[in-house]
Every structure is written in C-alpha cells, then in structure tokens.
Amino acid sequence: ARTPVSVTVTGAAGQIGYALLFRIASGQLLGADTPVRLRLLEIPQAVKAAEGTAMELDDCAFPLLDGVDIFDDPTQAFAGANVALLVGARPRTKGMERGDLLEANGGIFKPQGEAINAGAADDIKVLVVGNPANTNALIAQQHAPDVPAERFTAMTRLDHNRALAQLAKKAGVSVSDIKKMTIWGNHSATQYPDLFHAEIAGKNAAETVNDQDWLENTFIPTVAKRGAAIIEARGASSAASAASAAVDHVHTWVNGTAEGDWTSMAVVSDGSYGVPEGLISSFPVTTKDGKWEIVQGLDIDGFSRGRIDASVNELAEERDAVRKLGLI
Ligand code: NAX
C-alpha cells in the first residue's frame with residue numbers, strides 16, 4: 001500500500017470543514033489509491049466540535065482514512081503536512097474596517113506561514129480558502145521563506161465553477177461542453193470571469209453567446225456576487241460548493257489539467273499579463289506533475305484589460321495595507 005499523505009485542514013470545525021473532511025477522507029482529494037492522514041487545526045474553543053467531527057469520520061469507516069489528529073497549535077498541525085487547506089479565518093463582523101479585518105487575519109496567517117516553513121513536508125502544497133483569500137495567502141507565503149513561493153495558492157475555483165454553471169445555463173449546454181474558463185484577479189466582487197477565451201464545444205464562448213449586455217450586466221455580476229446570493233437564500237454562506245471547489249483545486253493541481261483545457265487558480269504572479277510580480281492573483285493555469293503554469297499568449301482586449309486591472313489594483317491595495325500594518 002502507498003504511504004499515507006498528510007493533509008492539514010484549518011477551521012476544521014467550521015461549516016466548510018464539515019463538508020470538506022468527508023470528501024478528503026473518502027479519497028476524492030487525492031484519488032482512490034491514496035490513503036490520507038488528516039491533521040485538523042482549530043482554535044481551543046472549537047477543538048471539542050472538531051473531535052465530534054472526527055468521531056463521525058471514524059463512523060464512516062473510510063478504507064483510505066489512516067487516522068485523524070486534532071491540534072490547537074499550528075506548529076504541530078503542519079508538521080509533516082504534504083497538503084494544507086487553510087480554511088479557518090476571521091470573518092468580517094459588523095463595524096469592522098478593512099484594516100481591522102486584514103490585521104485579524106494577519107494574526108492567523110503569519111503564524112501558520114511560519115509553522116509551514118518550520119515543519120511541513122518538502123512537497124507541501126498550500127491552498128488558502130479563508131477570506132480575504134489572496135492576501136491571506138500572500139501573508140502566509142511571505143512568512144515561509146524556505147518554501148518555494150509557487151506552493152502557496154488561493155482559491156478562485158468556486159468562482160470558476162460558478163461561471164461554468166452560469167454559462168452552461170445561458171447556452172443550454174452541459175458544463176462538460178465548456179473549456180478554458182478563466183477567473184482573473186482577486187476572489188472578491190472585483191474578480192473578472194472571462195468569456196472571451198472560454199470555449200463552448202470548441203467555439204469561442206463570447207461569440208457563441210453573442211450578448212454583450214448579458215455578459216456585462218448579468219453574467220459578471222451574477223458570478224461575482226453569487227456568495228451574497230447564497231447567504232440571502234440559505235441564511236448561511238456557501239459551504240458544500242466551497243468544499244467541492246477546494247477538492248477540485250487540489251485534485252487538479254496534483255493530477256493535471258486535461259489536454260486543451262485549463263483552470264483558474266490564484267498563484268504568485270511572475271509579471272504575466274501586467275500583474276505585478278509577487279501578488280497572488282487568479283490566472284488561467286495548466287497543471288502537470290504537481291506543478292502549475294500560467295497560460296501564456298492570450299490576447300487581452302480593452303474591456304478585459306480594464307476589468308483585470310481593476311481587480312489587480314485591489315490586490316495591490318490589500319498588499320500595501322498589510323505591508324503598512326507590518327504583516328509582511
Ligand atoms: P466558519 O465560521 O463556519 O468556520 C471557520 C472555522 O475556522 C471556525 O470553526 C473557527 O473556529 C476556525 N478558526 C478561526 N481561526 C482559526 C485559526 N487561527 N486556526 C484554526 N482554525 C480557526 O466559516 P466557513 O463557512 O467554514 O468559511 C471559512 C472561510 O472560507 C471564511 O473565511 C470564508 O469567508 C471563506 N470562503 C472562501 C471562499 C472562496 O471561494 N475562497 C468561498 C466560501 C467561503 O466564503
């Protein structure tokens with residue numbers, strides 16, 4: 001049998017954690033031939049709830065689940081981790097300014113970056129889900145100088161999947177007919193879901209839909225504000241869909257994108273498409289052998305340029321704000 005892969009999940013007792021852990025333990029993250037050891041990180045007050053989830057994981061008798069350990073200390077939780085899913089974060093509460101939010105999250109993602117640097121496995125892959133995801137990933141990455149920067153990513157796969165679903169509905173096709181969807185920029189309301197490079201059954205998606213008004217005034221805002229619409233309808237934020245996207249993100253990173261397709265991941269910019277080097281911004285990426293590459297050579301028209309720049313400017317502002325706070 002293969003040696004188990006250690007997967008650390010933070011915020012394990014939260015609602016995304018509850019949807020995510022069972023999918024990891026059943027083999028959907030890494031594949032049906034890879035045993036997993038779960039290492040759960042929670043704050044002390046939530047350790048008991050995490051223990052309850054671990055009892056349920058036991059009760060599923062998953063053949064691939066090699067064990068579950070629970071920690072309230074990041075250094076222990078990330079020791080030997082091959083994959084880290086950073087889900088736990090400080091949500092924005094009433095009256096909280098952006099600076100307060102960034103500072104509170106800096107207090108979480110700085111020590112977690114340090115713990116990853118200190119003790120994670122050499123092949124560690126990090127996905128940050130907790131918001132503000134891109135900037136939290138940047139903070140963690142900056143505090144892990146010995147880990148290659150490309151191992152730190154943030155999640156825009158939920159936005160990507162939402163864009164696939166909305167386009168499939170509009171075009172009356174199956175999501176599997178759509179390829180080359182891209183989310184650019186920040187996982188926030190400024191994100192840019194791009195249909196000018198997407199394809200439906202091999203033909204350009206924007207041309208096939210041929211409805212600029214829908215694209216600008218329905219598609220983009222529906223994808224960008226879907227999180228708020230889910231809260232409005234469910235009375236709680238996206239959880240199962242977020243967990244599903246996290247599983248997709250890591251699965252694609254490890255197993256590769258299909259020939260003739262790509263995915264969206266927020267990754268450290270190398271300056272591609274005018275995105276300042278070092279920002280963790282969403283790009284079209286292909287993956288192979290556990291490594292990602294930004295898709296090169298796409299033509300960006302004026303409309304797309306404006307949208308990408310707006311979202312990337314927001315990321316640069318967030319980076320400047322955390323710099324000013326001394327968090328990076
Ligand atoms: P919950 O509030 O249900 O759970 C968060 C959990 O994190 C709690 O159990 C809390 O105790 C724990 N936690 C807090 N600080 C911690 C720390 N320092 N170490 C370990 N655990 C800690 O939130 P949930 O709905 O699960 O969402 C988690 C995060 O995902 C939020 O930041 C949310 O905004 C973000 N999301 C990101 C998405 C994305 O696409 N990138 C989409 C879904 C979601 O909104």
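Reader: Leaving aside neighbours within four places in sequence, which residues is Arg98 in contact with?
Author: This is a predicted model, and in it Arg98 is in contact with Arg92, Glu317 and Glu318, leaving aside its neighbours within four places in sequence.

Reader: Where is Arg98 found?
Author: Arg98 is found in helix α4, which covers residues 98-119.

Reader: Is Arg98 buried, exposed or partly exposed?
Author: Arg98 has a relative accessible area of 34%. Buried means under 20% and exposed means over 50%, so Arg98 counts as partly exposed.

Reader: How far apart in space are Arg98 and Pro132?
Author: Their C-alpha atoms are 9.9 Å apart, while 34 residues separate Arg98 and Pro132 in sequence.

Reader: And what kind of peptide bond joins Asn131 and Pro132?
Author: Asn131 and Pro132 are joined by a cis peptide bond, with omega at about -10°. Pro132 has its place in the loop between β5 (125-128) and α5 (133-142).

Reader: Let us turn to the helices. At what angle do α1 and α10 pack?
Author: Helix α1 (residues 15-25) and helix α10 (residues 240-255) pack at an angle of about 40°, and their axes are 8 Å apart. That angle makes α1 oblique to α10. The crossing in which α1 passes α10 is right-handed.

Reader: Which residues meet there?
Author: From α1 come Ile16, Ala19, Leu20 and Arg23, and from α10 come Ala240, Ala242, Ala243, Ser244, Ala246 and Val247. By class, this contact of α1 with α10 has 8 nonpolar, 1 polar and 1 charged residues.

Reader: What about α6 and α10, at what angle do they pack?
Author: For α6 and α10 the angle is about 105°, with the axes 8 Å apart. Angles from 65 to 115 degrees count as roughly perpendicular, and α6 and α10 are therefore roughly perpendicular to each other.

Reader: Which residues make the contact between α6 and α10?
Author: Arg157, Leu158 and Asn161 of α6 make the contact with Ser241, Ala242, Ala245, Asp248, His249 and Thr252 of α10. Sorted by class, the contact of α6 with α10 has 3 nonpolar, 4 polar and 2 charged residues.

Reader: Now the interior. Which residues touch the most other members of the largest nonpolar core?
Author: Leu167, Leu195 and Phe283 do, out of the 37 residues in the largest nonpolar core.

Reader: Which elements give two or more residues to this core?
Author: The helices are α6 (157-171), α7 (205-209), α8 (212-224) and α11 (302-324), and the strands are β8 (182-184), β12 (263-268), β13 (280-288) and β14 (291-294). The largest share of this core comes from α8, with 5 residues.

Reader: Where is the other core, apart from it or not apart, and how many residues has it?
Author: The other core lies apart from it and has 32 residues, among them Leu85, Ala239, Ala243 and Val250.

Reader: Back to Leu167: is it buried or exposed?
Author: Leu167 lies in helix α6, and Leu167 is buried, with a relative accessible area of 0%. Not counting residues up to four places away in sequence, Leu167 touches Ile178, Met181, Leu195, Ile200, Ala205, Val209, Trp214 and Phe219. The C-alpha atoms of Leu167 and Ile200 are separated by 9.1 Å, and these two residues are 33 places apart along the chain.

Reader: And what does Phe283 touch?
Author: Leaving out residues up to four places away in sequence, Phe283 touches residues including Trp184, Met265, Val267, Tyr273 and Ile294.

Reader: What is the phi of Tyr273?
Author: Tyr273 has a positive phi of about 55°, although Tyr273 is not a glycine. Tyr273 is found in the loop between β12 and β13 and is buried, with a relative accessible area of 12%.

Reader: What is the phi of Ala201?
Author: Phi of Ala201 is near 45°, a positive value in a residue other than glycine. Ala201 is found in the loop between β10 (199-200) and β11 (203-204), and Ala201 is exposed, at 62% relative accessible area.

Reader: Last one: is Ala198 buried or exposed?
Author: Ala198 counts as buried, at 1% relative accessibility. The place of Ala198 is in the loop between β9 (192-194) and β10. Leaving aside neighbours within four places in sequence, Ala198 is in contact with Lys179, Lys180, Met181, Lys203, Asn204 and Ala205.

Definitions and conventions. Residues are numbered from 1 along each chain as its sequence is written. This is a predicted model: local features need pLDDT of at least 70, side-chain atom pairs count only at pLDDT 80 or more; totals for chains, interfaces and linings use all residues. Side-chain values use heavy atoms; hydrogens and water are left out. Axes are lines fitted to C-alpha atoms, for helices over the stretch in contact, and angles run from 0 to 180 degrees between N-to-C directions. Helices (H or I, at least four residues) and strands (E, at least two) are DSSP runs, numbered from the N terminus. Angles under 35 degrees count as roughly parallel, over 145 as roughly antiparallel, 65 to 115 as roughly perpendicular and the rest as oblique. A crossing is left-handed if the near helix is turned anticlockwise from the far one by less than a right angle, and right-handed if clockwise. Contact means heavy atoms within 4.5 Å. Ala, Val, Leu, Ile, Met, Phe, Trp, Tyr, Cys and Pro count as nonpolar, Asp, Glu, Lys and Arg as charged, and the others, Gly among them, as polar. A nonpolar core is a set of buried Ala, Val, Leu, Ile, Met, Phe, Trp, Tyr and Cys residues joined through side-chain atoms within 4.5 Å. Buried means under 20% relative accessible area, exposed over 50%, partly exposed in between (1.4 Å probe, protein chains only).
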